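Visitor: Could you take me on a close look at one part of this model, the central sheet and what surrounds it? I would enjoy one connected account rather than a list.

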Amino acid sequence: MTDGKGLFITATGTDVGKTYVTALIVKKLREAGHSAGYYKAALSGVEKTAAGFRAGDAGYVADVAGIAEEETGNFVSYVYEKAVSPHLAAQLEGNPVKMAVVMAAYQQALARYDYVTMEGSGGIVCPLRYDDDAQLLLEDVITALGLSALVVADAGLGTINATVLTVDYMKRRGIPVKGIILNRYDAADAVMRDNKKMVEILTRVPVIACVKKDEAAIAIDAATLAGLYG
Ligand SMILES: Nc1ncnc2c1ncn2[C@@H]1O[C@H](COP(=O)(O)OP(=O)(O)O)[C@@H](O)[C@H]1O
Ligand SMILES: [Mg+2]
């Protein structure tokens, strides 16, 4: 059974705050009593230890959102040690991403949770696999899973360009963008306030929330958030 609904989280680049924001989203849904989980197809830059691999993005989200560690086993399908794009990591380490594996894992997540937040890798243009046997881009997965998306963008300088380019690319690929979240936002900063306004004007996508530095809750109500899924 695949009863749950999904939402994809991308960003204007790597380290912009996908995991941080995803954790707050999953936390908010769970605090409102929803069954909410997490999924990520490919995670790069994870240290492998004798005990397995360090939990990385999935572990962080589980910690913040209060998901027991035993539940996180299928939260990530592919883990690579090198902190490079999954396609390159697989060329170096083996174990390339297979669409069928990602599809099955995602369906499994939908069967288990009502709300599955899927975090991307890097920004929106991210090759997951590129070898003689198959070429798979992140957007192919988003499209195959039929997901709508949120874009996390840094609130500061440079974000108008990065956000407009990202949203435009997604629209051209037929991926619905439900909202933008500005991360590391400071309402006292006039540049950031202007960025919020200009990003909305130029993308015609609403900024649905602004997340401050070290913020422990996202300022959007759980019902609105839940309405973005599916
Ligand atoms: N609002 C924030 N306040 C404090 N630290 C943040 C915030 N957003 C992101 N970070 C930190 O910045 C780093 C990169 O964020 P992360 O969410 O991992 O990015 P991504 O998942 O897009 O690669 C992490 O160490 C994270 O904890
Ligand atoms: Mg991340």
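Guide: Gladly, and let us begin with a term: a residue counts as buried when its relative accessible area is under 20%. The model you see is a predicted one. With that cut-off in hand, look at strand S6 (residues 115-119): five of its five residues are buried, so S6 is largely enclosed by the rest of the structure. Tyr-115, Thr-117 and Glu-119 point one way from S6, while Val-116 and Met-118 point the other way, and all are buried. In a regular strand the side chains alternate between the two faces of the sheet.

Now widen the view to the sheet that holds S6. The sheet is open and has seven strands in the order S5-S2-S6-S1-S9-S10-S11, with parallel pairing. At the edges stand strand S5 (76-80) and strand S11 (207-211); each has a single partner strand, so one side of each is left without a neighbour in the sheet. On average, neighbouring strands of this sheet are turned by 25 degrees against each other, direction ignored.

S6 has a parallel partner on either hand. Five bridges join S2 to S6, and five bridges join S1 to S6. Glu-119 is a good place to pause: in S6 this residue is the bridge partner of Ile-9, and Lys-40 stands opposite Glu-119 as well.

Lys-40 deserves a visit of its own. Its place is in strand S2, and the UniProt annotation "active site", from an unreviewed entry, covers this residue. Is Lys-40 buried or exposed? With a relative accessible area of 4%, Lys-40 is buried, because that value falls under the 20% cut-off. Leaving aside neighbours within four places in sequence, Lys-40 is in contact with Asp-57, Phe-75, Val-76, Ser-77, Glu-119, Gly-120 and Ser-121.

Stay with S2 (residues 36-44) and you come to Ser-44, also found in that strand. Here the UniProt record, again an unreviewed entry, gives the annotation "binding site". Ser-44 is partly exposed, with a relative accessible area of 23%. Beyond neighbours within four places in sequence, its contacts are Tyr-80, Lys-82, Ala-83, Val-84, Ser-85, Pro-86 and Ala-89. Of these, Val-84 offers a polar detail: its backbone oxygen lies 2.7 Å from a polar atom of the Ser-44 side chain.

Let us cross to the other part of the strand order. Four bridges join strand S1 (residues 5-11) to S9, and the two run parallel; Ala-11 stands opposite Val-152 in S9. The chain then crosses from S9 through H6 to S10, and this β-α-β crossover is right-handed. S9 itself is largely enclosed by the rest of the structure, because five of its six residues are buried.

S9 (residues 149-154) and S10 (residues 177-183) are joined by six bridges and run parallel. Ala-149 has Val-177 as its bridge partner in S10, and Asp-154 stands opposite Asn-183 in S10. Helix H3 (residues 86-93) packs on the sheet, touching S2 and S5, and its direction makes about 65 degrees with that of S5.

The crossover helix, H6 (residues 159-172), contains Thr-163. How accessible is Thr-163, and which residues does Thr-163 touch? Its relative accessibility is 0%, so Thr-163 counts as buried. Not counting residues up to four places away in sequence, Thr-163 touches Thr-12, Ala-153, Ile-180, Val-199 and Thr-203. Helix H7 (residues 190-203) lies across S10 and S11, running at about 155 degrees to S11.

Two loop residues round off the tour. Arg-184 is found in the loop between S10 and H7; its phi is near 60 degrees, a positive value in a residue other than glycine. At 42% relative accessibility, Arg-184 counts as partly exposed. Asn-95 is found in the loop between H3 and helix H4 (99-112). The phi of Asn-95 is near 60 degrees, a positive value in a residue other than glycine, and Asn-95 is partly exposed, with a relative accessible area of 45%.

How values were computed. Residues numbered from 1 in each chain as written. Chains lettered and ligands numbered in written order. Predicted model: local features only at pLDDT ≥ 70, side-chain atom pairs only at ≥ 80, totals over all residues. Heavy atoms only, no water. UniProt positions renumbered as here; feature names shortened; annotations may be inferred. Buried < 20%, exposed > 50% of the residue type's maximum accessible area, 1.4 Å probe, protein only. Contact = heavy atoms within 4.5 Å. Polar contact = N/O pair within 3.5 Å; in protein donor to acceptor, adjacent residues only side chain to side chain. Pairing = 2+ DSSP bridges. Axes fitted to C-alpha atoms, helices over the stretch in contact; angles between N-to-C directions. Right-handed = clockwise from strand over helix to strand, strands pointing away.
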